[in-house]
Amino acid sequence: MFRNLFGKKEKTLLLAAPLKGKVISLNQVPDPIFSEKMMGDGIAMEPAEGILCSPVDGEVIQIFHTKHAVSLRTVEGLEVLLHIGLETVSMEGKGFTAEVKEGEQVKTGQPLIRFSLETVQEQAKSTVTPMVILNMDRVDHLEAKSVEAAEPGDGILEVTLKSS
């Protein structure tokens, strides 16, 4: 989708929910790295089931060796980090199964990582799963859609890229 403001074309992307669950503001995440937007801006979810899906069409640029997080890049160059739970790196991959590989092209709604929600509930600080845009220098504006709960593929975050 393009918006025309004063003759400039801006590209707007709609990022989808990466999980089935409750949508929360990033400032509600009980970890200052995310809530204070040190890594970037975005949104978070409280998962209702253990399947993390792609919020965008793009490329898998990194899967953390512990499989608790994945980074994606859209065709437009937007980089998105999905981080399952908080302090899940200490789980050392237990309960996480990657469904994709680095360099793989993915579609919105495609499963990326399957995880045991019960194991994350038992062993992590929180199940809250942030979705953060890492390269905010490319973003002109972002707006969370007003939804309380979402399914994978539901649009939850509108991102307007800076015109180039």
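1. Three strands form an open sheet in this predicted model. Their order is E5-E11-E9, and the pairing is antiparallel. The edges are taken by strand E5 (51–53) and strand E9 (96–98), each of which pairs on one side only. From one strand to the next, the twist averages 20°.

2. The pairing of E5 with E11 can be described in further detail. Strand E11 covers residues 111–115, and three bridges join E11 to E5 in the antiparallel sense. Within this pairing, Leu52 stands opposite Ile113 of E11.

3. A separate point concerns Asp41, which lies in strand E4 (residues 41–47). Is Asp41 buried or exposed? Its relative accessibility is 16%, and because buried means under 20%, Asp41 counts as buried.

4. The surroundings of Asp41 may be considered next. Its side chain makes a polar contact with the side chain of Lys37, at 3.4 Å. When neighbours within four places in sequence are left aside, Asp41 is in contact with Leu26, Met131, Val132, Ile133, Met136 and Leu142.

5. On annotation, an unreviewed UniProt entry places the feature "domain: PTS EIIA type-1" at residues 31–135. In the model, the end C-alpha atoms of residues 31–135 are 20 Å apart. Helix accounts for 10% of this span and strand for 39%.

How values were computed
Residues numbered from 1 in each chain as written. Predicted model: local features only at pLDDT ≥ 70, side-chain atom pairs only at ≥ 80, totals over all residues. Heavy atoms only, no water. Pairing = 2+ DSSP bridges. Helix = DSSP H or I, 4+ residues; strand = E, 2+ residues; numbered from the N terminus. Axes fitted to C-alpha atoms, helices over the stretch in contact; angles between N-to-C directions. Buried < 20%, exposed > 50% of the residue type's maximum accessible area, 1.4 Å probe, protein only. Polar contact = N/O pair within 3.5 Å; in protein donor to acceptor, adjacent residues only side chain to side chain. Contact = heavy atoms within 4.5 Å. UniProt positions renumbered as here; feature names shortened; annotations may be inferred.
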